[in-house]
Amino acid sequence: VQLQASGGGWVQPGNSLRLSCAASGSIFSISAMGWYRQAPGKQREWVAIISSSGSTNYEDSVKGRFTISRDNPKNTMYLQMNSLKPEDTAVYYCNAGVRIDIYRPYENYWGQGTQVTVSS
């Protein structure tokens with residue numbers, strides 16, 4: 001199983017980016033999926049999470065600006081980031097609980113990260 005994150009880049013403050021995270025490989029089902037980020041010199045922090053049924057939760061600093069969504073048939077998750085601020089600059093990682101068959105438990109997988117830089 002692999003998670004491939006994409007969509008990062010450089011934007012000016014106030015602009016938007018959309019991140020994607022595609023899961024591939026031997027996948028029976030995916031439970032919760034989430035986005036995390038790590039800024040230079042800081043610990044990785046949780047940003048947003050979405051359950052398999054579509055329930056969402058956000059870290060306070062991104063509420064009202066970021067929207068997490070998922071396309072279950074495509075095993076893909078998105079993060080629409082609007083009104084970006086310099087403090088959003090970080091490497092963004094995707095995470096998912098994946099079950100490869102009915103006989104095995106869910107296991108945690110991470111994507112490789114995509115850089116988001118917000119500056120003028």
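**Entry 1: Arg37 and Asp88**

Before looking anything up, I noted that a residue is called buried when its relative accessible area is under 20%, exposed when that area is over 50%, and partly exposed in between. I also noted that I am reading a predicted model.

I began with Arg37, which I found in strand S4. Its relative accessibility is 5%, so Arg37 counts as buried. I then asked which side chains make a polar contact with the side chain of Arg37. One is the side chain of Asp88, at 3.0 Å, and another is the side chain of Tyr92, at 2.9 Å.

Asp88 came up again when I turned to Arg65, whose side chain is joined to that of Asp88 by a polar contact of 2.8 Å. Arg65 is not placed in a strand but in the loop between strand S6 (56-58) and strand S7 (66-71). Is Arg65 buried or exposed? Its relative accessible area is 10%, which is under the 20% limit, so I wrote it down as buried. When its neighbours within four places in sequence are left aside, Arg65 is in contact with Gln80, Met81, Asn82, Ser83, Leu84, Lys85 and Asp88.

**Entry 2: Rings**

Next I searched the whole structure for aromatic pairs and found 1. The ring centres of Tyr36 and Trp110 are 4.9 Å apart and the ring planes are at 65 degrees, so I recorded the pair as edge-to-face. The pair links distant parts of the chain, since Tyr36 belongs to strand S4 (residues 29-38) and Trp110 to strand S10 (residues 107-110), 74 residues apart. I looked up the accessibility of both partners: Tyr36 is partly exposed because its relative accessible area is 22%, and Trp110 is partly exposed because its value is 37%.

I also looked for charged ends over rings. Arg18 lies over the face of Tyr78, 4.0 Å from the ring centre, and the charged end of Arg44 sits over the ring of Tyr93, 3.7 Å from its centre.

**Entry 3: The nonpolar core**

In soluble globular proteins, nonpolar side chains tend to be buried together, and I wanted to see which residues do this here. The largest nonpolar core has 29 residues, and the members that touch the most others are Trp35, Leu79, Met81 and Tyr92. Several strands give two or more residues to this core, including strand S1 (2-6), strand S3 (17-24), strand S8 (76-81) and strand S9 (90-99). Which strand gives the most to this core? I found that S9 does, with 5 residues.

I followed Leu79 further and, leaving aside its neighbours within four places in sequence, I listed its contacts as Leu17, Arg18, Leu19, Trp35, Val47, Ala48, Phe66, Thr67, Ile68 and Tyr92. Leu17, one of these contacts, is found in strand S3 and is buried, because its relative accessible area is 14%. With the same neighbours in sequence set aside, the contacts of Leu17 include Gly7, Val11, Leu79, Met81, Leu84 and Val116.

**Entry 4: Strand S11**

In a regular strand the side chains alternate between the two faces of the sheet. I checked S11 for this pattern and found that Thr114, Val116 and Val118 point to one face and are buried, while Gln115 and Thr117 point to the other face and are not buried.

How do S2 and S11 run, parallel or antiparallel? Strand S2 (residues 9-11) runs parallel to S11 and is joined to it by 3 bridges, with Val11 having Val118 as its bridge partner. S9 is also joined to S11 by 3 bridges, but these two strands run antiparallel, and here the partner of Ala90 is Val116.

**Entry 5: Strands S4, S5 and S6**

I ended with the strands that pair with S5. S4 and S5 pair in the antiparallel sense over 5 bridges, and the bridge partner of Trp35 in S5 is Ala48. S5 is also joined to S6 by 3 bridges, again in the antiparallel sense, and Ala48 stands opposite Tyr58 in S6.

Both hairpins gave me a glycine to note. In the hairpin of S4 and S5, with 6 residues between the strands, Gly41 takes a positive phi near 75 degrees. In the hairpin of S5 and S6, with 5 residues between the strands, Gly54 takes a positive phi near 105 degrees.

Methods
Residues numbered from 1 in each chain as written. Predicted model: local features only at pLDDT ≥ 70, side-chain atom pairs only at ≥ 80, totals over all residues. Heavy atoms only, no water. Helix = DSSP H or I, 4+ residues; strand = E, 2+ residues; numbered from the N terminus. Buried < 20%, exposed > 50% of the residue type's maximum accessible area, 1.4 Å probe, protein only. Polar contact = N/O pair within 3.5 Å; in protein donor to acceptor, adjacent residues only side chain to side chain. Contact = heavy atoms within 4.5 Å. Phe/Tyr/Trp six-rings, centres within 6.5 Å; stacked < 30°, edge-to-face > 60°. Lys NZ or Arg CZ within 6 Å of the ring centre and 35° of its normal. Core = buried A, V, L, I, M, F, W, Y, C linked by side-chain atoms within 4.5 Å. Pairing = 2+ DSSP bridges.
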